[in-house]
Structures are given as structure tokens and as C-alpha cells.
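Colleague: Could you take me on a close look at the surroundings of ligand 1? I would like to see which parts of the protein the shell comes from.

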Amino acid sequence: MTADARRLHLALQKSGRLADYSRQLLRDAGLRIQDGKNDLAARVENFPADLMFVRDDDIPTFVGDGVCDFGIVGENVLREFVLGRPDARIEVAARLGFGRCSLRIAAPETARYDGAETLAGARIATSYPFIVRDFLARRGIAADVVKMSGAVELAPRLGIAPFVCDLVSTGATLEANGLRAVETVLESEAVLIRTLAPAGEGAAALGGQLMSRLEGVLATRDSKYIMLNASGEALKRITDLLPGAEAPTILPLHGRPGHFAVHAVCQESVFWETLQALKQAGASAILVVPIEKMML
Ligand code: PRT
Ligand code: ZN
């Protein structure tokens, strides 16, 4: 393949919890995904990239082998894969902030639990045997890990294992099955992964362009532009309160000596509590506006 003919290959989940968010992220980065008949692959019309739609479990393999340059997958799936293949040629290029969940060990609500030592000699059913074994090994606990590919929460009732280790977001599934979380093994969110397999110069340049667009989208997601007025003596208190703002712009207000306009990009969510605190600190005419595009 010649360098100028090179297109990037991206692996996304075909359907499931990450599928819509993954496509939306690419759209937000300005990529127009061609609506085709083929639901396994799609071309990006305005950027040299092709998308492959696969099971999330296959994404680390494709990226590690260099079949795909990038992929979007949950950290839970990535970590399970990497623990099984420590030489995997994959790096995390960005944390994406969606698909948040935690991998937790749970026990029947009525069972006694006095800390991780309670797990010694017990059986734990999970779809993530490498992660659970690693968690136990780090604590010097010997337990029996049983792999199940689904319906893990049924294991205690079926007599397969008294403990389970499964993903939890709201906790409703655990509750519905009479289980309670006792340990958090991993906090997870979707990540953009990138191959470390040799990909040629054309791919490196394209990858850089894609990353710079995605970083722009991620930076603006929670970012807000905040404007307010304040008197000179309140400035220090106010700028200390601005969440994630590095260097606010401070401009004198025309016709109001000793008063200033403060403009800042806040790289974190701006909550009502923050606005109230700003007001109490002496800010007035506070305006918070979304940022559409940003290139860092
Ligand atoms: O078909 P494919 O293999 O691609 O998809 P999948 O069925 O393996 O995965 P999918 O789409 O269910 O999840 C994809 C990724 O989303 C996971 O690998 C996690 O990184 C992330 N994620 C976020 C979750 C959850 N939240 C989640 N709640 N994955 C699974 N769950 C399960 C949870 O285990 C429970 O059974 O959803 C159920 C509801 O959870 P509660 O706690 O809200 O009741
Ligand atoms: Zn899966």
C-alpha cells in the first residue's frame, strides 16, 4: 500500500452501549460517515478513514495486530485483553468519558463480608478472569475464579459460586438479584486505543490529524466560556473559584474605574453552586456559554 493511498482503519462496536457514543464522537470531530448497505464497514466521506463495526471483545485484537489503527473500547475489555497478552501492541490514546461503569465483586445481601480476606478460598464467577485473578494476586488472596461469559449475576442462585465479579452502573441488576457490591476491582470508561504495530508514515500523519480533532472535541465537551464583571479587590477570590481555568483574561470596564470584565475558558463543568459562589465573592453579570470548537 503506498503512503498516499493509505486510509486509517478504525474499529468501533457494532451495536451495544458504546456504539452510538463512538459514532457521535467521530461526527463531532467532523467525520461524515457514509450511510451504506454494509453494516460491517463504512467509509468516511471527508477524511481518509474506514470504519469497521465489530464486537467490542474483538477490538483490542484488531488494534494490537495493526489491522486497525484505532479502536474504541471499554477499559474493562482492554485490561482483560492486555493481562492475557502482556506484549499487546496497544496504547491508550485518550479517555473518552462515556461508558462509565465499575467492575465489582458482589455477594448475596445476606452473606457475611469482612473485607477482601473473606474471599480467600471462595469461588468467584466472572467474565473477567484475568482482571479478578490480578486483583486477588495483588492482595495475596488465593481464590477460585470461574469464567462465565454471561448471566454472571445468576451464579450464586445457581450454586455456581457464592461471589460474582461483574460490571455495575446503576446497581439495579445487582439489587434485582439480591446481591450487594463488596469490592471495586476497576473503574472503567470508554477509551480510544491506538496500535503500536508499525503502520507506515502516511498512517502516522493521518493518525496525528485525527487525534488533534478528537482532542479538540474532548476538550470542548465539558468546557464553557465564562464571562463576568468584578471589582478589583474581588478579582483574586473570583479567579480562584473558576473551575479548571488557567489564565483568565481581565479587561478594564469602560467608564467604571476599578471594575473589570473576566473572561475564561473553564475546562470543567460549571455548576449552579459555582455561580452562586462567584456571586457571593462579588461577581456580577455572570454569563456561561458553550464552546463549539477548540483546537489546542
Ligand atoms: O456485542 P458486544 O460484545 O459488542 O457487546 P457487549 O454485550 O459485550 O457489551 P455492552 O454493549 O453491553 O457493553 C459495552 C461496554 O459498555 C462494556 O464493556 C463496558 O465498558 C460499558 N458499560 C457501561 C457497561 C455497563 N455500563 C453496564 N451497566 N457494560 C455492561 N453493563 C451491564 C451490567 O453488567 C449489568 O448487567 O449492564 C447491566 C445493567 O447494569 P446496572 O448496574 O445499571 O443494573
Ligand atoms: Zn462484548
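Modeller: Happily; here is a walk around the ligand site.

This is a predicted model, in which local features need pLDDT of at least 70, side-chain atom pairs count only at pLDDT 80 or more, and totals for chains, interfaces and linings use all residues. Residues are numbered from 1 along each chain as its sequence is written, ligands are numbered from 1 in the order in which they are written, and side-chain values use heavy atoms, with hydrogens and water left out.

Around ligand 1 there are 22 residues (a heavy atom within 4 Å), with Arg55, Asn76, Leu167, Thr170 and Thr173 the closest. By type, the shell holds six nonpolar, 10 polar (Gly counted here) and six charged residues.

Now the polar contacts (N or O pairs within 3.5 Å). Arginine 17 places a polar side-chain atom 2.8 Å from an oxygen atom of ligand 1. The backbone takes part too: an N or O backbone atom of serine 169 is 2.8 Å from a ligand oxygen atom, and a polar backbone atom of glycine 171 also lies 2.8 Å from an oxygen atom of ligand 1. Of the 840 Å² of accessible area that ligand 1 has on its own (Shrake-Rupley, 1.4 Å probe), the protein covers 79%.

As for elements (DSSP runs, helices of at least four residues and strands of at least two), α3 (75-84), β9 (163-168) and α6 (172-176) each give two or more residues to the shell. The largest share, three residues, is from β9. Domain 1 (8-97 + 190-220) and domain 2 (101-187), with bounds from an automatic or database assignment, both contribute to the shell, so ligand 1 lies between them.

How values were computed:
Polar contact = N/O pair within 3.5 Å; in protein donor to acceptor, adjacent residues only side chain to side chain.
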